[in-house]
Amino acid sequence: MSTPSPFLGAITEVCIVTPNHTKTMDGLLRLGIGPFQVFDFTPATVSARRFRGQAADFELKVCFAKQGDLVFEIMQPVGGKSLMGEWLDERNNKEGVQHLAFDCANIPMSERKREMSARGFEPAMEGVWQGRKGTCTFCFFDTEASAGTVFESIEFSEDWEDPECEWYPHEPAPQDK
């Protein structure tokens with residue numbers, strides 16, 4: 001069996017899925033990770049939502065903290081079917097690292113999907129998050145059974161600007177953003 005060429009690129013994000021995003025943020029803050037941007041992924045903020053190949057209605061609380069070149073993400077399912085909800089159900093609501101995100105050397109998302117499909121991994125959950133300007137397309141691939149975790153890929157439009165958010169516990173000073 002020949003080994004396929006690598007294409008995942010750099011790890012850009014580590015995600016902890018939790019039933020309580022505030023508790024998880026507090027724990028990470030004690031370790032020096034934070035502050036966090038807190039967003040609601042709802043029908044108003046995320047379009048083209050799909051779960052296991054079907055139109056979806058998932059809603060999530062999503063929190064981001066930058067740590068050097070890496071982003072720590074916290075996701076809490078709050079409605080609808082999602083990979084995050086399934087993951088918590090399978091683990092009796094115990095939080096933990098559920099997925100890693102890769103930049104795939106910034107090739108277009110359509111090529112990422114094609115490459116992952118050729119390797120036997122189909123999209124498990126996806127959507128398009130609306131920024132203040134631009135969009136962020138995200139796709140979680142069904143890699144857990146083969147790799148032990150879910151792999152995600154994220155593509156920001158060139159004009160991306162973060163949407164309005166809440167900061168937890170407070171907004172950082174401008175030089176720290």
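**Sheet, helices and aromatic cluster of the predicted model**

The buried residues of helix α3 pack against strands β7, β9 and β10. In this predicted model, the residues of α3 concerned include M109, R112 and M116, which are buried. Viewed along the axis of α3, the buried residues fall within an arc of 55°, and they therefore line one face of the helix. An α-helix has 3.6 residues a turn, so residues three or four places apart point the same way. On the face of α3 turned away from the buried side are found the exposed residues R114 and A118. Just after α3, a positive phi of about 95° is adopted by G120.

The sheet on which these contacts are made is open and consists of 11 strands, arranged in the order β4-β3-β8-β9-β10-β7-β1-β6-β5-β2-β11, with mixed pairing. The edges are occupied by β4 (54–55) and β11 (166–168), each of which has a single partner strand, so that one side of each is left without a neighbour in the sheet. Strands of a sheet pair through backbone hydrogen bonds, either parallel or antiparallel. A parallel arrangement is seen for β1 (residues 11–17) and β6 (residues 70–79), which are joined by 5 bridges, and in this pairing V14 of β1 stands opposite F72 in β6. Helix α1 (residues 21–30) lies across β1, β2 (36–41), β5 (59–67), β6 and β11, and its direction is at about 160° to that of β6. Helix α3 (residues 109–118), in turn, packs on the sheet through contacts with β7 (96–102), β8 (123–130), β9 (135–141) and β10 (150–156), and its direction makes about 5° with that of β9.

Antiparallel pairing is found for β3 (residues 46–51), which is joined to β8 by 4 bridges; here V46 stands opposite W129 in β8. Strand β3 also runs antiparallel to β4, to which it is joined by 2 bridges, with Q54 in β4 as the bridge partner of F51. The two strands β3 and β4 form a hairpin with 2 residues between them, and R52, located in the turn, has a positive phi of about 50°. Elsewhere, R49 lies over the face of F58, at 5.8 Å from the ring centre.

The aromatic side chains were examined next. With ring centres required to lie within 6.5 Å, the count comes to 9 aromatic pairs. One of these is formed by F41 and F138, which are tilted with respect to each other, at 5.9 Å centre to centre and with 35° between the planes. This pair links distant parts of the chain, since F41 belongs to strand β2 and F138 to strand β9, 97 residues apart. Buried residues being those under 20% relative accessible area, F41 counts as buried at 5% relative accessibility, and F138 likewise counts as buried at 5%. A further tilted pair is formed by W129 and W160, at 5.0 Å centre to centre and with 50° between the planes. Distant parts of the chain are again linked, W129 lying in strand β8 and W160 in the loop between β10 and β11, 31 residues apart; both W129 and W160 are buried. Through ring pairs, F39, F41, F64, W129, F138, F140, F156 and W160 are linked into a cluster.

How values were computed: Residues numbered from 1 in each chain as written. Predicted model: local features only at pLDDT ≥ 70, side-chain atom pairs only at ≥ 80, totals over all residues. Heavy atoms only, no water. Pairing = 2+ DSSP bridges. Contact = heavy atoms within 4.5 Å. Axes fitted to C-alpha atoms, helices over the stretch in contact; angles between N-to-C directions. Buried < 20%, exposed > 50% of the residue type's maximum accessible area, 1.4 Å probe, protein only. Arc of directions from axis to C-beta. Phe/Tyr/Trp six-rings, centres within 6.5 Å; stacked < 30°, edge-to-face > 60°. Lys NZ or Arg CZ within 6 Å of the ring centre and 35° of its normal.
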